[in-house]
Every structure is written in structure tokens, then in C-alpha cells.
Amino acid sequence: MVTLIVKDVAFGYASAPVLAGVSLEVGTKEIVAVLGPNGAGKSTLLKCIDRILHPQHGSILLDGEEISQMSRLELAKKIGYIPQSLAHAFSITVFDAVLMGRRPHISWRTSEEDTEKVLDTLKMLHIEDLAMRDINELSGGQMQQVFIARALVQEPDVLLLDEPTSNLDIRHQLEVMHTIKSIVRKHEISAIMAIHDLNLAARYADKIVLMNGGGILSVGNPATVITPENIRLVFKVDADVYEKEGKLHVVPLRAIVRATQG
Ligand SMILES: Nc1ncnc2c1ncn2[C@@H]1O[C@H](COP(=O)(O)OP(=O)(O)OP(=O)(O)O)[C@@H](O)[C@H]1O
Ligand SMILES: [Mg+2]
């Protein structure tokens, strides 16, 4: 079953067009990894899906309904978004920061169920010890896990994650990806994540979307999209890609020397 349909979306900031002709289908229980070089438009695409930005062309449908027609509250119940930069200005405990994720579901005051969901999620991510800490005093990786917890307690139908593992050590990268995968499968939701780690993407994503210069160059399963040819074309890097014990492995070898100008 298809959950989210992005149809021919175009978006440009005031200065220049960023996305053009972007179309994408995401099904339930599916993890989609959006890959592409810096500036390709990955974050812009996620922001369009969360309606932080409004496409100038095309449509985005969630279970057949145009997201532009939904109320903010309705959208917040359905889409959870974890931004790329996690700066936080005011002082708040980890527990309260995660509890804020329940806001779309809270009528006028927090219930015991909300509190339990927060605790369960902190435990699932093994960060319950951080519950009473001020989020401004966390490490980059701890902060990233707190934001993931906040999106999970929101219990959305679609999780949008902008580089969720960028600050995590290798163990936490695997744990977080595993958690996301099991939640996607168990709760029958979808996840779309921008990610730079080709190996993690290959291992955990069902579908890869390879972006280049604001458009989608290739979509498909990891083995069809993550190829030496595509890596060379998009990232300008020579890489080895091989399969071992059913898993795809990518080894970047060298950056292709840029042509000197003039
Ligand atoms: N607020 C903004 N105003 C103007 N241009 C922007 C803005 N945000 C991003 N851009 C530009 O839009 C393009 C796409 O940016 P975007 O953040 O979507 O890239 P990205 O694929 O997420 O890159 P990265 O891998 O570095 O996170 C870039 O050229 C960027 O400079
Ligand atoms: Mg980005």
C-alpha cells in the first residue's frame, strides 16, 4: 500500500530553483533513504513533505489527501520530522523535550499514557539515564537520540529524518537504524531519511532515492541504485561496491580530480 506520493514537485528559494520534477512513492513499512551530495536538495525535499516549505509546483499526498489541505494539527499527528541541525536555545529537560513530541495528541493536559510513552521510548533508545538532564548539556550524539525519541513518541504515520545518524558513533548508528526499522515494521509506518552513509543506507533502506542537482537520478533497491557508476556520476568518487553475505558494501577509493579552471 502506498502512503506518501510526491508528484512532480518543484521548489526554489528566492534566489534559485532547488527541486525540479521530483516524484516519489513511499509505501507502508518502507524505509526510503535519500542520498546525494551536499546541496542536492535532500533537506529541502523533507521540508516540503513536512510543509515547512511550500512547493511552487506539484503535489504531495498522504493516504490520498493533499498535505496542503490538512490542518497543522492533523499533519503533526501524521508526520514526524527530525531536522538536520539540532540547535536548542532554551533550557529544558530531556524528558520534557521528548514529551513535547506528544503535543499533537494531548488534549489539555498530559496523561499517564503520555508519560509512559516517553519513558518507554527513552528506554528503547537506551537514553533513560539522560531523562532529567538539560538538553543543552548533551553531546551531539545524545542530542540526536533525544530528537529521534521526540519524533517516535509522536507516533506519526511517516517519519522524516534528516541525517539521523550524523553525530552517532558506530554502535549508536546501528542501534538507531535498527530501532527505526523495527518501529517502521511493527507500527506499519514509513520512514524517509536523508543520509550520507552509503553503507548504512544500503543495509537498512528498502528503497534508495539518489538525488543530484535538485532532481532524482535513480530510484530502486540498494543494489540497483548504489553502483560504482552512479557513485562516480553523482559524488565524483571512484568506489568499490561488492556484496558479501547478502549485504552491500561500499568502499570509497578516491575523489575524481576536479578539472582545473581557466
Ligand atoms: N534557506 C535557504 N535559502 C536559500 N537557499 C537555500 C536555503 N536552504 C538551502 N538552500 C540551498 O538549496 C540547495 C539545497 O539545499 P539542501 O539543504 O536541500 O541540500 P542537502 O541535499 O540537504 O545538502 P546537505 O547534504 O549538505 O545537507 C543548496 O544549494 C542550498 O544552498
Ligand atoms: Mg541537508
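Visitor: Which residues in α1 are buried?

Guide: The model is predicted. Helix α1 spans residues 42–49 and is mostly covered, with 7 of its 8 residues buried. Buried here means under 20% relative accessible area. The residues that fall in this class in α1 are K42, S43, T44, L45, L46, C48 and I49.

Visitor: What are the protein donors of the magnesium ion (ligand 2)?

Guide: The donors come from distant parts of the chain, 41 residues apart. One lies in helix α1 and the other in the loop between β6 (79–82) and α3 (94–99). Their distances from the magnesium ion are 2.0 to 2.2 Å, and the atoms are S43 (OG) and Q84 (OE1).

Visitor: Is S43 buried or exposed?

Guide: The cut-off for buried is under 20% relative accessible area. S43 has a relative accessibility of 16%, so S43 counts as buried.

Visitor: What is the relative accessible area of Q84?

Guide: Partly exposed residues lie between the 20% cut-off for buried and the 50% cut-off for exposed. Q84 is in this partly exposed class because its relative accessible area is 40%.

Visitor: Which element gives the largest share of the shell around ligand 1?

Guide: There are 13 residues around ligand 1, and G39, K42, S43, T44 and H196 come nearest. By class, the shell has 4 nonpolar, 7 polar and 2 charged residues. The largest share, 3 residues, comes from α1.

Visitor: How much of the accessible area of ligand 1 does the protein cover?

Guide: Oxygen atoms of ligand 1 lie 3.2 Å from a polar backbone atom of A40 and 2.9 Å from a backbone N or O atom of G41. A polar side-chain atom of E163 is 3.4 Å from an oxygen atom of ligand 1. On its own, ligand 1 has 640 Å² of accessible area, and the share covered by the protein is 60%.

Visitor: Which residues of β6 are buried on each side?

Guide: In a regular strand, side chains alternate between the two faces of the sheet. Both faces of β6 are covered. The buried residues are I79 and Y81 on one side, and on the other G80 and I82.

Visitor: What is the bridge partner of G80 in β7?

Guide: Strand β7 covers residues 158–162 and runs parallel to β6. The two strands are joined by 4 bridges. In β7, G80 has as its bridge partner L159.

Visitor: What phi does R51 take?

Guide: R51 comes just after α1. The phi of R51 is positive, at about 60 degrees.

Conventions
Residues are numbered from 1 along each chain as its sequence is written. Chains are lettered from A and ligands numbered from 1 in the order in which they are written. This is a predicted model: local features need pLDDT of at least 70, side-chain atom pairs count only at pLDDT 80 or more; totals for chains, interfaces and linings use all residues. Side-chain values use heavy atoms; hydrogens and water are left out. Donors are N, O and S atoms within 2.8 Å of the metal (3.2 Å for Na, K and Ca); water is not among the atoms, so sites may look incomplete. Buried means under 20% relative accessible area, exposed over 50%, partly exposed in between (1.4 Å probe, protein chains only). A residue is near a molecule or strand if one of its heavy atoms lies within 4 Å of it. A polar contact is a pair of N or O atoms within 3.5 Å; within protein, one must be able to donate a hydrogen and the other to accept it, and residues adjacent in sequence count only if both atoms are side-chain atoms. Accessible areas come from the Shrake-Rupley method with a 1.4 Å probe; for residues, only the protein chains shown count as cover. Ala, Val, Leu, Ile, Met, Phe, Trp, Tyr, Cys and Pro count as nonpolar, Asp, Glu, Lys and Arg as charged, and the others, Gly among them, as polar. Two strands pair if DSSP finds at least two bridges between them.
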